[in-house]
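Have the model open and ready to turn as you read. We'll go through it piece by piece, strands to begin with and helices after that.

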Amino acid sequence: MTDDPLPAEHLSPLAALVDEALAGVGYEVAAATDAIDDAVPGYGGLFDPETSPNELRSALESLLNSGLSRPPVPEPTSDAFVLYVDGSSRGNPGPAGAGAVIMDASEEQLARLGRPVGSRTGNNTAEYVALQLGLSELLARYEPRRLDVRIDSMTVIRDVWGGDDPTEPGVETYSEAVAAALSRVPEHQYTHLADSDPNPADALATVGADIAAFGPGS
């Protein structure tokens, strides 16, 4: 389902290349980071300040030309899953990222996903993208029958599960994609996370925002 990159807001050319590399490994952040770090010459890496934009661009182009493969898909304990999602935007709008963690019913982590969303994107859009990301990869890997989505955005909850029209301009594409994905899951519900509740997707959304912050001149 995600052999091609998912739709994104405006990204710099360099951030867009990173997003393409992430798509090639199923948005598995650790796998993409390791592959990029190995391709960068010397001791630099994706987030090393010593890595120049030209070095990173060259490494990404080389990786994409050679082809990337998805990591093996872990076996779940059943057809019931938990999906944590989170979006992050610095400045709201600003550099934004999306994160998602797929778990089985025993809450064993099966996938840790992340991606940049846009260089000047609002938090609500990032939350929609995080949900789309998690659902897309869940359905690409498994056949879920029951799903508990754990999310802190009441805006997205009111739209997706409450039947409200989206209030964020420009999120209709994401909202429709989420509705289509959930229609393939026979039983689904949400759990609203308070700000104090742990969310393992938060750090992945932050990584996505870090990537989205790669400058327009890169």
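How many residues lie between β1 and β2 in the hairpin they form, and which residue in the turn has a positive phi? Keep in mind as you look that this is a predicted model. The β1–β2 hairpin has 4 residues between its strands, and the residue in question is Gly91, with a positive phi of about 100°.

Stay in that loop for a moment. Asn92 also sits between β1 and β2, and its phi is near 40°, which is positive even though Asn92 is not a glycine. With a relative accessible area of 48%, Asn92 is partly exposed. Then comes Pro93, in the loop between β1 and β2 as well. Check the peptide bond that leads from Asn92 into Pro93: that bond is cis, with omega near 15°.

Now follow the strands away from the turn. β1 and β2 run antiparallel and are joined by 9 bridges. If you want one pair to anchor your view, take Leu83, whose bridge partner in β2 is Ile102. Ile102 is a handy place to cross over to the next strand, too, since its bridge partner in β3 is Ala111. β2 and β3 are antiparallel, again with 9 bridges between them.

These two strands make a hairpin of their own, with 4 residues between them. Here the turn residue to look for is Glu107, in the loop between β2 and β3. Glu107 has a positive phi of about 65° without being a glycine. Its relative accessibility of 37% puts Glu107 in the partly exposed class.

So β2 has β1 as one partner and β3 as another. Is β2 enclosed by the rest of the structure or not, and how many of its residues are buried? The count is 10 of 11, so β2 is largely enclosed by the rest of the structure.

Before leaving the strands, find Thr121, which belongs to β3. Thr121 counts as buried because its relative accessibility is 3%, and the cut-off for buried is under 20%. Looking past its close sequence neighbours, within four places, you'll see Thr121 in contact with Glu9, Ser89, Pro93, Gly94 and Ala96. Pro93 is thus the link back to the cis bond we started with.

Next, the helices. In α7, which spans residues 202-212, the buried residues are Leu204, Ala205, Gly208, Ala209, Ile211 and Ala212. Viewed down the axis of α7, they fall within an arc of 160°, so they line one face of the helix. The spacing makes sense: an α-helix has 3.6 residues a turn, so residues three or four places apart point the same way. What do the buried residues of α7 pack against? Their partners are the helices α1 (13-24) and α2 (29-39), along with the strands β1 (80-89), β2 (94-104) and β3 (109-121).

There's a void to look at here as well. Searching the whole structure turns up 1 cavity of 30 Å³ or more, and it holds about 40 Å³ of space. The lining consists of Val18, Leu22, Val29, Ala32, Thr33, Ile36, Leu46, Val207 and Ile211. Elements giving two or more residues to this lining are α1, α2 and α7, and α2 gives the most, with 4. By type, the lining has 8 nonpolar residues, 1 polar and no charged. Ile211, one of the buried residues of α7, is also part of this lining.

Now turn to α6, residues 172-182, where Tyr174, Ser175, Val178, Ala181 and Leu182 are buried. Down the axis of α6, these fall within an arc of 125°, so they too line one face. On the face turned away from that buried side are the exposed residues Thr173 and Glu176. The buried residues of α6 pack against α4 (123-141), β4 (146-151), α5 (154-160) and β5 (187-192).

One last stop is the loop between β4 and α5, where you'll find Asp152. Asp152 is partly exposed, with a relative accessibility of 26%. Leaving out residues up to four places away in sequence, Asp152 touches Asp86, Glu127, His192 and Leu193. Asp86 is 66 residues from Asp152 in sequence, yet their C-alpha atoms are 7.3 Å apart in space.

Conventions:
Residues are numbered from 1 along each chain as its sequence is written. This is a predicted model: local features need pLDDT of at least 70, side-chain atom pairs count only at pLDDT 80 or more; totals for chains, interfaces and linings use all residues. Side-chain values use heavy atoms; hydrogens and water are left out. Buried means under 20% relative accessible area, exposed over 50%, partly exposed in between (1.4 Å probe, protein chains only). The arc is that of the directions from the helix axis to the C-beta atoms. Contact means heavy atoms within 4.5 Å. On a 1 Å grid over the protein atoms alone, a cavity is a set of points where a 1.4 Å probe fits but cannot get out, and a pocket is an open set with protein on both sides within 12 Å along at least five of seven lines; lining residues have an atom within 4 Å of a point. Grid points are joined across faces, edges and corners, and a volume is the space filled by probe spheres set on the points. Ala, Val, Leu, Ile, Met, Phe, Trp, Tyr, Cys and Pro count as nonpolar, Asp, Glu, Lys and Arg as charged, and the others, Gly among them, as polar. Two strands pair if DSSP finds at least two bridges between them.
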